[in-house]
Amino acid sequence: MATCNPLPEGKTVFLAIYAAVVAGIIFSTLVILSSVYTSSPAASAGDGGNGKPLHLAGTSLFSSSSPPSTSTPPPSPIVTRTPRLQREPLDMFTRAIWDVPVDSKMPDLKSFLLTKEMLKHHAKDNIIIVTFGNYAFLDFVLNWVKHLTDLNIFNILVGAMDNKLLEALYWKGIPVFDMGSKMVTVDVGWGSAKFHKMGREKVLLINALLPFGYELLMCDTDMVWLKLNLQMFSCTFFMSFCLEQNPLPYFARFPEADMLTSSDQIRPTTTDDSLEVWQDVTTAYNIGIFHWRPTDAAKRLAKEWKDILLSDDQKWDQAGFNDLVRHVLGPSLEGESGIFYAYDGTLKLGLLPASIFCSGHTYFVQAMPQQLKLEPYAVHTTFQFAGSDGKRHRLREAMLFYDQPAYYDTPGGFLSFKPGIPKSLLLDGPHTLQSHFSLVNYQLRQIRTALAVACLLNRTLVSEVSPIKKLNLTS
(Lines give C-alpha, C1' and ligand atoms only; values in the text may rest on other atoms or scores of the structure.)
Protein backbone atom coordinates (compact mmCIF):
# COMPACT_ATOMS: atom_id res chain seq x y z
CA MET A 1 0.00 0.00 0.00
CA ALA A 2 1.30 3.43 -0.92
CA THR A 3 1.83 5.82 2.01
CA CYS A 4 2.85 9.44 2.31
CA ASN A 5 6.50 10.06 3.21
CA PRO A 6 7.05 11.74 6.59
CA LEU A 7 8.18 15.32 6.58
CA PRO A 8 11.92 15.86 7.03
CA GLU A 9 13.10 17.15 10.36
CA GLY A 10 13.01 20.88 10.68
CA LYS A 11 9.80 21.19 8.67
CA THR A 12 7.49 21.79 11.63
CA VAL A 13 6.62 25.27 10.42
CA PHE A 14 5.56 23.91 7.04
CA LEU A 15 3.54 21.21 8.80
CA ALA A 16 1.69 23.81 10.84
CA ILE A 17 0.92 25.88 7.75
CA TYR A 18 -0.22 22.79 5.88
CA ALA A 19 -2.54 21.77 8.72
CA ALA A 20 -3.99 25.28 8.87
CA VAL A 21 -4.67 25.27 5.13
CA VAL A 22 -6.37 21.88 5.31
CA ALA A 23 -8.52 23.00 8.23
CA GLY A 24 -9.42 26.19 6.36
CA ILE A 25 -10.47 24.23 3.29
CA ILE A 26 -12.67 21.90 5.34
CA PHE A 27 -14.25 24.81 7.23
CA SER A 28 -14.89 26.78 4.02
CA THR A 29 -16.45 23.76 2.37
CA LEU A 30 -18.80 23.20 5.29
CA VAL A 31 -19.84 26.86 5.21
CA ILE A 32 -20.50 26.69 1.45
CA LEU A 33 -22.50 23.48 1.69
CA SER A 34 -24.43 24.85 4.65
CA SER A 35 -25.39 27.97 2.72
CA VAL A 36 -26.43 25.94 -0.33
CA TYR A 37 -28.79 23.75 1.67
CA THR A 38 -30.33 26.45 3.83
CA SER A 39 -31.11 29.31 1.47
CA SER A 40 -31.56 30.22 -2.16
CA PRO A 41 -30.18 33.45 -3.63
CA ALA A 42 -32.03 36.70 -3.37
CA ALA A 43 -34.34 37.21 -6.30
CA SER A 44 -36.77 39.70 -7.65
CA ALA A 45 -40.03 39.21 -9.52
CA GLY A 46 -37.99 38.84 -12.67
CA ASP A 47 -36.49 35.51 -11.55
CA GLY A 48 -39.65 33.88 -10.30
CA GLY A 49 -39.48 35.14 -6.72
CA ASN A 50 -37.16 32.35 -5.56
CA GLY A 51 -35.15 34.42 -3.11
CA LYS A 52 -36.61 32.71 -0.05
CA PRO A 53 -35.22 30.35 2.60
CA LEU A 54 -35.09 26.82 1.25
CA HIS A 55 -34.88 23.59 3.23
CA LEU A 56 -34.50 20.18 1.65
CA ALA A 57 -35.70 17.18 3.61
CA GLY A 58 -32.92 14.73 4.25
CA THR A 59 -35.02 11.59 4.46
CA SER A 60 -36.86 11.62 1.14
CA LEU A 61 -36.55 13.29 -2.23
CA PHE A 62 -40.29 13.19 -2.77
CA SER A 63 -43.33 14.32 -0.86
CA SER A 64 -46.07 11.88 -0.02
CA SER A 65 -48.97 14.30 -0.21
CA SER A 66 -51.35 14.25 -3.16
CA PRO A 67 -52.74 17.39 -4.84
CA PRO A 68 -56.41 18.15 -4.38
CA SER A 69 -57.36 16.91 -7.83
CA THR A 70 -59.09 13.98 -9.43
CA SER A 71 -55.80 12.40 -10.56
CA THR A 72 -52.90 11.36 -8.34
CA PRO A 73 -49.62 11.87 -10.21
CA PRO A 74 -46.29 10.62 -8.91
CA PRO A 75 -44.99 12.64 -5.93
CA SER A 76 -42.63 15.53 -6.57
CA PRO A 77 -39.21 16.21 -5.01
CA ILE A 78 -39.85 17.39 -1.47
CA VAL A 79 -38.98 21.03 -0.98
CA THR A 80 -40.46 22.88 1.98
CA ARG A 81 -40.32 26.60 2.57
CA THR A 82 -39.80 28.47 5.79
CA PRO A 83 -43.11 29.96 7.02
CA ARG A 84 -43.21 33.72 6.66
CA LEU A 85 -45.70 36.54 7.02
CA GLN A 86 -47.34 37.45 3.72
CA ARG A 87 -49.01 40.76 3.02
CA GLU A 88 -50.92 39.27 0.12
CA PRO A 89 -51.39 35.74 -1.30
CA LEU A 90 -48.81 34.66 -3.85
CA ASP A 91 -50.12 33.74 -7.28
CA MET A 92 -48.58 31.38 -9.82
CA PHE A 93 -46.44 34.24 -11.17
CA THR A 94 -44.87 35.29 -7.88
CA ARG A 95 -44.83 31.94 -6.09
CA ALA A 96 -41.44 30.23 -5.93
CA ILE A 97 -40.81 26.93 -7.69
CA TRP A 98 -41.86 23.93 -5.54
CA ASP A 99 -44.10 26.19 -3.42
CA VAL A 100 -47.42 24.37 -3.71
CA PRO A 101 -50.63 26.42 -3.98
CA VAL A 102 -52.58 27.02 -0.80
CA ASP A 103 -55.95 27.10 -2.59
CA SER A 104 -57.99 23.96 -3.12
CA LYS A 105 -59.45 25.09 -6.42
CA MET A 106 -57.77 24.87 -9.81
CA PRO A 107 -57.59 28.28 -11.55
CA ASP A 108 -59.34 28.85 -14.84
CA LEU A 109 -57.42 27.40 -17.77
CA LYS A 110 -57.29 30.82 -19.42
CA SER A 111 -54.85 31.94 -16.72
CA PHE A 112 -52.33 29.37 -18.03
CA LEU A 113 -52.14 30.82 -21.55
CA LEU A 114 -48.63 31.78 -22.65
CA THR A 115 -48.23 35.56 -22.46
CA LYS A 116 -45.43 38.09 -22.42
CA GLU A 117 -46.35 38.90 -18.82
CA MET A 118 -45.77 35.26 -17.86
CA LEU A 119 -42.31 35.31 -19.43
CA LYS A 120 -41.52 38.64 -17.80
CA HIS A 121 -42.12 37.16 -14.36
CA HIS A 122 -40.11 33.98 -14.94
CA ALA A 123 -37.22 35.16 -17.14
CA LYS A 124 -33.90 36.24 -15.69
CA ASP A 125 -31.24 38.25 -17.49
CA ASN A 126 -33.57 38.09 -20.50
CA ILE A 127 -33.30 34.28 -20.70
CA ILE A 128 -36.03 31.69 -20.26
CA ILE A 129 -35.45 27.91 -20.10
CA VAL A 130 -38.31 25.83 -21.49
CA THR A 131 -39.27 22.21 -21.83
CA PHE A 132 -42.61 20.60 -22.68
CA GLY A 133 -44.37 17.25 -22.67
CA ASN A 134 -47.51 15.28 -21.97
CA TYR A 135 -48.58 13.48 -18.79
CA ALA A 136 -46.68 10.31 -19.71
CA PHE A 137 -43.46 12.26 -19.10
CA LEU A 138 -44.41 13.76 -15.74
CA ASP A 139 -41.54 12.06 -13.91
CA PHE A 140 -39.09 13.24 -16.58
CA VAL A 141 -40.40 16.81 -16.24
CA LEU A 142 -40.05 16.74 -12.45
CA ASN A 143 -36.55 15.33 -12.81
CA TRP A 144 -35.64 18.07 -15.32
CA VAL A 145 -36.91 20.83 -13.03
CA LYS A 146 -35.27 19.35 -9.91
CA HIS A 147 -31.84 19.25 -11.55
CA LEU A 148 -32.14 22.91 -12.56
CA THR A 149 -33.36 24.13 -9.17
CA ASP A 150 -30.54 22.14 -7.54
CA LEU A 151 -28.25 24.43 -9.57
CA ASN A 152 -30.12 27.49 -8.23
CA ILE A 153 -31.58 28.13 -11.69
CA PHE A 154 -35.20 29.24 -11.53
CA ASN A 155 -35.98 31.00 -14.84
CA ILE A 156 -37.95 27.95 -15.93
CA LEU A 157 -41.24 27.33 -17.73
CA VAL A 158 -42.86 24.02 -18.67
CA GLY A 159 -45.34 23.65 -21.50
CA ALA A 160 -48.18 21.21 -20.85
CA MET A 161 -49.54 19.39 -23.90
CA ASP A 162 -52.57 18.07 -22.01
CA ASN A 163 -54.67 19.25 -19.10
CA LYS A 164 -53.70 16.31 -16.91
CA LEU A 165 -50.02 17.33 -16.93
CA LEU A 166 -50.92 21.00 -16.48
CA GLU A 167 -52.97 20.22 -13.39
CA ALA A 168 -50.32 17.88 -11.94
CA LEU A 169 -47.52 20.43 -12.37
CA TYR A 170 -49.62 23.26 -10.96
CA TRP A 171 -50.21 21.36 -7.72
CA LYS A 172 -46.48 20.55 -7.51
CA GLY A 173 -45.56 24.24 -7.67
CA ILE A 174 -44.00 24.08 -11.15
CA PRO A 175 -44.40 27.14 -13.46
CA VAL A 176 -46.55 25.72 -16.25
CA PHE A 177 -48.45 27.03 -19.24
CA ASP A 178 -51.05 25.52 -21.55
CA MET A 179 -49.79 24.75 -25.05
CA GLY A 180 -53.32 24.04 -26.25
CA SER A 181 -52.09 20.86 -27.93
CA LYS A 182 -54.85 18.54 -26.68
CA MET A 183 -52.28 15.76 -26.73
CA VAL A 184 -52.93 12.22 -25.51
CA THR A 185 -51.65 11.50 -22.01
CA VAL A 186 -49.78 8.28 -22.84
CA ASP A 187 -46.29 7.68 -24.24
CA VAL A 188 -46.50 8.20 -28.01
CA GLY A 189 -43.41 6.21 -29.04
CA TRP A 190 -40.66 7.36 -31.37
CA GLY A 191 -41.63 7.64 -35.05
CA SER A 192 -45.39 7.38 -34.55
CA ALA A 193 -47.88 9.90 -35.96
CA LYS A 194 -48.39 11.37 -32.49
CA PHE A 195 -44.61 11.58 -32.06
CA HIS A 196 -44.45 13.75 -35.20
CA LYS A 197 -47.31 15.85 -33.81
CA MET A 198 -45.30 16.41 -30.63
CA GLY A 199 -42.36 17.59 -32.74
CA ARG A 200 -44.56 20.08 -34.55
CA GLU A 201 -45.77 21.43 -31.23
CA LYS A 202 -42.14 22.19 -30.31
CA VAL A 203 -41.68 24.23 -33.49
CA LEU A 204 -44.96 26.07 -32.93
CA LEU A 205 -43.82 26.83 -29.40
CA ILE A 206 -40.50 28.27 -30.58
CA ASN A 207 -42.36 30.49 -33.03
CA ALA A 208 -44.63 31.66 -30.23
CA LEU A 209 -41.78 32.42 -27.82
CA LEU A 210 -39.24 34.23 -30.02
CA PRO A 211 -41.43 37.31 -30.75
CA PHE A 212 -41.50 38.09 -27.02
CA GLY A 213 -37.83 39.09 -27.29
CA TYR A 214 -36.26 36.68 -24.79
CA GLU A 215 -33.33 34.34 -25.32
CA LEU A 216 -34.65 30.80 -25.34
CA LEU A 217 -32.95 27.65 -24.09
CA MET A 218 -35.22 24.92 -25.43
CA CYS A 219 -34.74 21.42 -23.98
CA ASP A 220 -36.30 17.99 -24.31
CA THR A 221 -37.50 16.47 -21.05
CA ASP A 222 -35.29 13.37 -21.45
CA MET A 223 -32.13 15.35 -20.68
CA VAL A 224 -30.70 16.57 -17.37
CA TRP A 225 -28.44 19.41 -16.30
CA LEU A 226 -25.49 18.24 -14.25
CA LYS A 227 -23.63 19.41 -11.17
CA LEU A 228 -19.91 20.03 -11.04
CA ASN A 229 -18.22 17.23 -9.09
CA LEU A 230 -15.09 18.30 -7.22
CA GLN A 231 -12.69 15.96 -5.49
CA MET A 232 -9.83 16.99 -3.22
CA PHE A 233 -6.97 14.66 -2.37
CA SER A 234 -4.28 14.88 0.26
CA CYS A 235 -2.02 12.54 2.12
CA THR A 236 -4.34 12.91 5.10
CA PHE A 237 -7.86 13.35 3.72
CA PHE A 238 -10.18 12.96 0.74
CA MET A 239 -13.20 15.13 0.01
CA SER A 240 -15.83 14.95 -2.70
CA PHE A 241 -18.71 17.39 -3.15
CA CYS A 242 -20.89 19.00 -5.81
CA LEU A 243 -21.03 22.65 -6.81
CA GLU A 244 -23.28 24.52 -9.19
CA GLN A 245 -22.59 24.12 -12.90
CA ASN A 246 -24.73 26.85 -14.43
CA PRO A 247 -24.75 26.43 -18.24
CA LEU A 248 -25.98 29.96 -18.99
CA PRO A 249 -22.54 31.64 -18.72
CA TYR A 250 -21.31 29.17 -21.35
CA PHE A 251 -23.90 30.39 -23.86
CA ALA A 252 -23.04 33.98 -22.97
CA ARG A 253 -19.49 33.35 -24.19
CA PHE A 254 -20.82 33.47 -27.76
CA PRO A 255 -22.93 36.65 -27.95
CA GLU A 256 -22.60 36.85 -31.73
CA ALA A 257 -24.38 33.51 -32.26
CA ASP A 258 -28.02 33.48 -33.34
CA MET A 259 -28.19 29.86 -32.27
CA LEU A 260 -26.15 27.22 -30.44
CA THR A 261 -27.27 23.64 -30.93
CA SER A 262 -26.20 20.17 -29.85
CA SER A 263 -25.33 17.35 -32.23
CA ASP A 264 -25.15 13.56 -32.55
CA GLN A 265 -21.37 13.72 -32.99
CA ILE A 266 -19.65 10.77 -31.30
CA ARG A 267 -16.05 11.61 -32.24
CA PRO A 268 -14.72 14.75 -30.56
CA THR A 269 -13.50 17.48 -32.86
CA THR A 270 -12.07 19.41 -29.90
CA THR A 271 -10.52 18.31 -26.62
CA ASP A 272 -11.47 21.35 -24.52
CA ASP A 273 -14.71 23.24 -23.89
CA SER A 274 -14.67 25.16 -27.17
CA LEU A 275 -17.37 24.69 -29.80
CA GLU A 276 -17.09 21.79 -32.23
CA VAL A 277 -15.04 22.29 -35.38
CA TRP A 278 -18.09 22.53 -37.60
CA GLN A 279 -16.30 21.43 -40.77
CA ASP A 280 -15.55 18.05 -39.10
CA VAL A 281 -19.07 17.37 -37.78
CA THR A 282 -20.70 14.84 -40.10
CA THR A 283 -23.66 13.78 -37.95
CA ALA A 284 -27.08 15.38 -37.49
CA TYR A 285 -27.57 18.55 -35.50
CA ASN A 286 -29.70 17.51 -32.53
CA ILE A 287 -32.59 19.70 -31.39
CA GLY A 288 -32.84 18.26 -27.87
CA ILE A 289 -30.69 21.08 -26.46
CA PHE A 290 -30.45 24.34 -28.33
CA HIS A 291 -30.21 28.02 -27.50
CA TRP A 292 -32.00 30.67 -29.60
CA ARG A 293 -31.56 34.41 -29.62
CA PRO A 294 -34.54 36.43 -30.90
CA THR A 295 -32.73 37.76 -33.99
CA ASP A 296 -34.26 38.25 -37.42
CA ALA A 297 -32.31 35.31 -38.87
CA ALA A 298 -33.48 32.99 -36.06
CA LYS A 299 -37.10 34.08 -36.49
CA ARG A 300 -36.94 33.48 -40.25
CA LEU A 301 -35.54 29.99 -39.67
CA ALA A 302 -38.23 29.20 -37.09
CA LYS A 303 -41.03 30.32 -39.42
CA GLU A 304 -39.75 28.40 -42.45
CA TRP A 305 -39.19 25.33 -40.27
CA LYS A 306 -42.80 25.57 -39.05
CA ASP A 307 -44.16 25.98 -42.60
CA ILE A 308 -42.28 22.91 -43.86
CA LEU A 309 -43.53 20.70 -41.04
CA LEU A 310 -47.13 21.86 -41.32
CA SER A 311 -47.10 21.13 -45.04
CA ASP A 312 -45.87 17.54 -44.56
CA ASP A 313 -47.20 15.61 -41.57
CA GLN A 314 -44.67 12.80 -42.18
CA LYS A 315 -41.63 15.07 -41.88
CA TRP A 316 -39.55 14.54 -38.75
CA ASP A 317 -38.90 17.87 -37.00
CA GLN A 318 -35.16 17.24 -36.58
CA ALA A 319 -34.78 16.20 -40.23
CA GLY A 320 -36.57 19.36 -41.34
CA PHE A 321 -34.31 21.46 -39.12
CA ASN A 322 -31.16 19.87 -40.55
CA ASP A 323 -32.37 20.29 -44.14
CA LEU A 324 -32.87 24.00 -43.59
CA VAL A 325 -29.78 24.76 -41.55
CA ARG A 326 -27.45 22.81 -43.85
CA HIS A 327 -28.70 24.58 -46.97
CA VAL A 328 -25.74 26.93 -46.51
CA LEU A 329 -22.75 25.98 -44.37
CA GLY A 330 -19.91 28.45 -43.97
CA PRO A 331 -17.82 30.41 -43.96
CA SER A 332 -16.68 30.84 -40.38
CA LEU A 333 -16.97 34.16 -38.63
CA GLU A 334 -13.71 36.01 -38.21
CA GLY A 335 -11.75 34.92 -35.17
CA GLU A 336 -11.62 31.56 -33.43
CA SER A 337 -15.06 31.43 -31.82
CA GLY A 338 -16.26 28.39 -33.79
CA ILE A 339 -19.33 30.27 -35.06
CA PHE A 340 -20.18 29.91 -38.76
CA TYR A 341 -22.86 31.02 -41.21
CA ALA A 342 -25.69 28.62 -42.02
CA TYR A 343 -29.29 28.37 -43.28
CA ASP A 344 -29.63 31.30 -45.72
CA GLY A 345 -26.10 32.60 -45.24
CA THR A 346 -27.10 35.05 -42.48
CA LEU A 347 -27.77 32.76 -39.50
CA LYS A 348 -24.74 32.60 -37.19
CA LEU A 349 -24.59 29.09 -35.74
CA GLY A 350 -22.38 27.24 -33.27
CA LEU A 351 -22.26 23.52 -32.44
CA LEU A 352 -22.11 22.68 -28.73
CA PRO A 353 -19.28 20.24 -27.90
CA ALA A 354 -20.59 16.70 -27.50
CA SER A 355 -17.98 16.12 -24.80
CA ILE A 356 -19.76 18.42 -22.30
CA PHE A 357 -23.25 18.76 -23.82
CA CYS A 358 -23.40 15.01 -24.08
CA SER A 359 -25.48 12.59 -26.05
CA GLY A 360 -26.36 9.22 -24.59
CA HIS A 361 -23.41 7.72 -26.44
CA THR A 362 -20.71 10.21 -25.42
CA TYR A 363 -21.80 10.19 -21.76
CA PHE A 364 -22.98 6.66 -20.94
CA VAL A 365 -21.01 4.57 -23.44
CA GLN A 366 -17.79 6.42 -24.19
CA ALA A 367 -17.53 8.37 -20.92
CA MET A 368 -16.03 11.11 -23.06
CA PRO A 369 -15.98 13.79 -20.32
CA GLN A 370 -13.87 11.54 -18.12
CA GLN A 371 -11.63 10.61 -21.03
CA LEU A 372 -10.93 14.28 -21.78
CA LYS A 373 -10.96 15.33 -18.10
CA LEU A 374 -13.83 17.75 -18.69
CA GLU A 375 -16.86 18.52 -16.54
CA PRO A 376 -20.09 18.02 -18.53
CA TYR A 377 -22.98 20.46 -18.38
CA ALA A 378 -25.73 18.16 -19.61
CA VAL A 379 -26.63 14.72 -20.91
CA HIS A 380 -29.42 13.93 -23.37
CA THR A 381 -30.54 10.29 -23.36
CA THR A 382 -30.19 9.68 -27.08
CA PHE A 383 -28.69 6.51 -28.64
CA GLN A 384 -30.96 4.49 -26.36
CA PHE A 385 -33.04 1.36 -26.95
CA ALA A 386 -36.35 0.51 -25.21
CA GLY A 387 -37.86 3.98 -25.54
CA SER A 388 -38.72 5.97 -22.43
CA ASP A 389 -38.23 2.95 -20.16
CA GLY A 390 -34.67 2.57 -21.42
CA LYS A 391 -33.95 6.27 -20.94
CA ARG A 392 -35.33 6.21 -17.41
CA HIS A 393 -33.21 3.16 -16.62
CA ARG A 394 -30.07 4.79 -18.04
CA LEU A 395 -30.53 7.85 -15.87
CA ARG A 396 -31.18 5.67 -12.83
CA GLU A 397 -27.98 3.73 -13.43
CA ALA A 398 -26.04 6.99 -13.46
CA MET A 399 -27.90 8.20 -10.33
CA LEU A 400 -29.40 11.09 -12.31
CA PHE A 401 -33.07 10.28 -11.79
CA TYR A 402 -35.20 11.27 -8.80
CA ASP A 403 -37.67 8.52 -7.97
CA GLN A 404 -40.56 8.38 -5.54
CA PRO A 405 -39.95 6.41 -2.31
CA ALA A 406 -42.14 3.52 -3.49
CA TYR A 407 -39.53 2.71 -6.12
CA TYR A 408 -37.03 1.87 -3.36
CA ASP A 409 -39.54 0.18 -1.06
CA THR A 410 -39.73 -3.20 -2.77
CA PRO A 411 -41.21 -6.15 -0.81
CA GLY A 412 -38.48 -8.34 0.68
CA GLY A 413 -35.72 -5.79 0.14
CA PHE A 414 -32.78 -5.89 -2.25
CA LEU A 415 -29.83 -8.12 -2.98
CA SER A 416 -26.83 -6.44 -4.57
CA PHE A 417 -23.89 -8.09 -6.20
CA LYS A 418 -20.74 -6.80 -7.84
CA PRO A 419 -19.82 -8.79 -10.95
CA GLY A 420 -16.18 -9.34 -11.82
CA ILE A 421 -14.35 -10.31 -14.99
CA PRO A 422 -11.08 -12.29 -14.95
CA LYS A 423 -8.30 -10.47 -16.75
CA SER A 424 -7.46 -13.65 -18.64
CA LEU A 425 -10.89 -13.73 -20.29
CA LEU A 426 -10.81 -10.06 -21.18
CA LEU A 427 -7.20 -9.52 -22.20
CA ASP A 428 -5.35 -12.80 -22.83
CA GLY A 429 -5.31 -14.94 -25.96
CA PRO A 430 -6.71 -14.27 -29.42
CA HIS A 431 -9.90 -12.27 -29.82
CA THR A 432 -12.13 -14.79 -31.56
CA LEU A 433 -15.82 -15.63 -31.63
CA GLN A 434 -15.18 -18.41 -29.12
CA SER A 435 -13.32 -16.13 -26.68
CA HIS A 436 -16.13 -13.59 -27.01
CA PHE A 437 -18.75 -16.20 -26.08
CA SER A 438 -16.61 -17.40 -23.18
CA LEU A 439 -16.52 -13.84 -21.84
CA VAL A 440 -20.27 -13.36 -22.27
CA ASN A 441 -21.16 -16.74 -20.77
CA TYR A 442 -18.97 -16.07 -17.72
CA GLN A 443 -20.96 -12.91 -16.97
CA LEU A 444 -24.31 -14.60 -17.67
CA ARG A 445 -23.46 -17.35 -15.16
CA GLN A 446 -22.78 -14.71 -12.50
CA ILE A 447 -26.15 -13.06 -13.16
CA ARG A 448 -27.91 -16.46 -13.17
CA THR A 449 -26.39 -17.36 -9.78
CA ALA A 450 -27.27 -13.97 -8.30
CA LEU A 451 -30.85 -14.26 -9.61
CA ALA A 452 -31.19 -17.72 -8.07
CA VAL A 453 -30.06 -16.43 -4.67
CA ALA A 454 -32.38 -13.42 -4.96
CA CYS A 455 -35.33 -15.67 -5.79
CA LEU A 456 -34.63 -17.93 -2.80
CA LEU A 457 -34.48 -14.90 -0.51
CA ASN A 458 -37.47 -13.18 -2.18
CA ARG A 459 -35.38 -10.08 -2.90
CA THR A 460 -34.97 -7.79 -5.90
CA LEU A 461 -31.58 -8.12 -7.57
CA VAL A 462 -29.54 -4.99 -8.25
CA SER A 463 -26.01 -4.70 -9.58
CA GLU A 464 -23.37 -2.36 -8.19
CA VAL A 465 -21.83 -1.78 -11.61
CA SER A 466 -22.43 1.63 -13.22
CA PRO A 467 -22.03 1.92 -17.01
CA ILE A 468 -19.66 4.85 -16.56
CA LYS A 469 -17.45 3.23 -13.92
CA LYS A 470 -14.43 1.02 -14.44
CA LEU A 471 -14.81 -2.72 -14.71
CA ASN A 472 -13.96 -4.86 -11.69
CA LEU A 473 -11.14 -6.97 -13.08
CA THR A 474 -9.96 -9.98 -11.09
CA SER A 475 -6.78 -11.98 -11.50
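A residue is buried when its relative accessible area is under 20%, and exposed when that value is over 50%. The exercises below use a predicted model.

**Exercise 1. Classify two cysteines**

Decide whether Cys455 is buried or exposed, and do the same for Cys358.

*Solution.*
Step 1. Take Cys455. Its relative accessible area is 64%. The cut-off for exposed is over 50%, so Cys455 is exposed.
Step 2. Take Cys358. Its relative accessibility is 1%. The cut-off for buried is under 20%, so Cys358 counts as buried.
Step 3. Now look for disulfides. A pair of cysteine sulfur atoms must lie within 2.5 Å. The count by this rule is zero.

**Exercise 2. Read the sheet**

Find the order of the nine strands in the open sheet, and explain why one side of S5 and of S12 is left without a neighbour.

*Solution.*
Step 1. Trace the strands across the sheet. The order is S5-S4-S3-S6-S11-S10-S14-S13-S12, with mixed pairing.
Step 2. Go to the edges. Strand S5 (176-178) and strand S12 (329-332) stand there. Each has a single partner strand, so one side of each has no neighbour in the sheet.
Step 3. Add the twist. From one strand to the next, it averages 35 degrees.
Step 4. Zoom in on one pair. S3 (residues 127-133) and S4 (residues 156-160) run parallel and share five bridges. Opposite Phe132 stands Gly159 in S4.
Step 5. Place the helices. Helix H4 (residues 163-172) packs on the sheet and touches S3, S4 and S5. The direction of H4 makes about 155 degrees with that of S5. H3 lies across S3, S4 and strand S6 (215-219), at about 175 degrees to S4.

**Exercise 3. Describe a helix pair**

Work out how H3 and H11 cross, and which residues of the two helices meet.

*Solution.*
Step 1. Locate the helices. H3 covers residues 138-150, and H11 covers residues 387-397.
Step 2. Give the geometry. Their axes come within 11 Å and cross at roughly 35 degrees. The crossing is left-handed.
Step 3. List the contacts. From H3 come Asp139, Phe140 and Asn143. From H11 come Ser388, Lys391, Arg392 and Leu395.
Step 4. Sort them by class. The contact has two nonpolar, two polar and three charged residues.
Step 5. Check burial in H11. Ser388, Gly390, Arg392, Arg394 and Leu395 are buried. The buried residues of H11 pack against H3, strand S7 (223-225) and helix H9 (360-365).
Step 6. Look past the helix. Met399 follows H11, and its phi is positive, near 60 degrees.

Notes. Residues numbered from 1 in each chain as written. Predicted model: local features only at pLDDT ≥ 70, side-chain atom pairs only at ≥ 80, totals over all residues. Heavy atoms only, no water. Axes fitted to C-alpha atoms, helices over the stretch in contact; angles between N-to-C directions. Helix = DSSP H or I, 4+ residues; strand = E, 2+ residues; numbered from the N terminus. Left-handed = near helix turned anticlockwise from the far one by under 90°. Contact = heavy atoms within 4.5 Å. Nonpolar A, V, L, I, M, F, W, Y, C, P; charged D, E, K, R; others polar. Pairing = 2+ DSSP bridges. Buried < 20%, exposed > 50% of the residue type's maximum accessible area, 1.4 Å probe, protein only.
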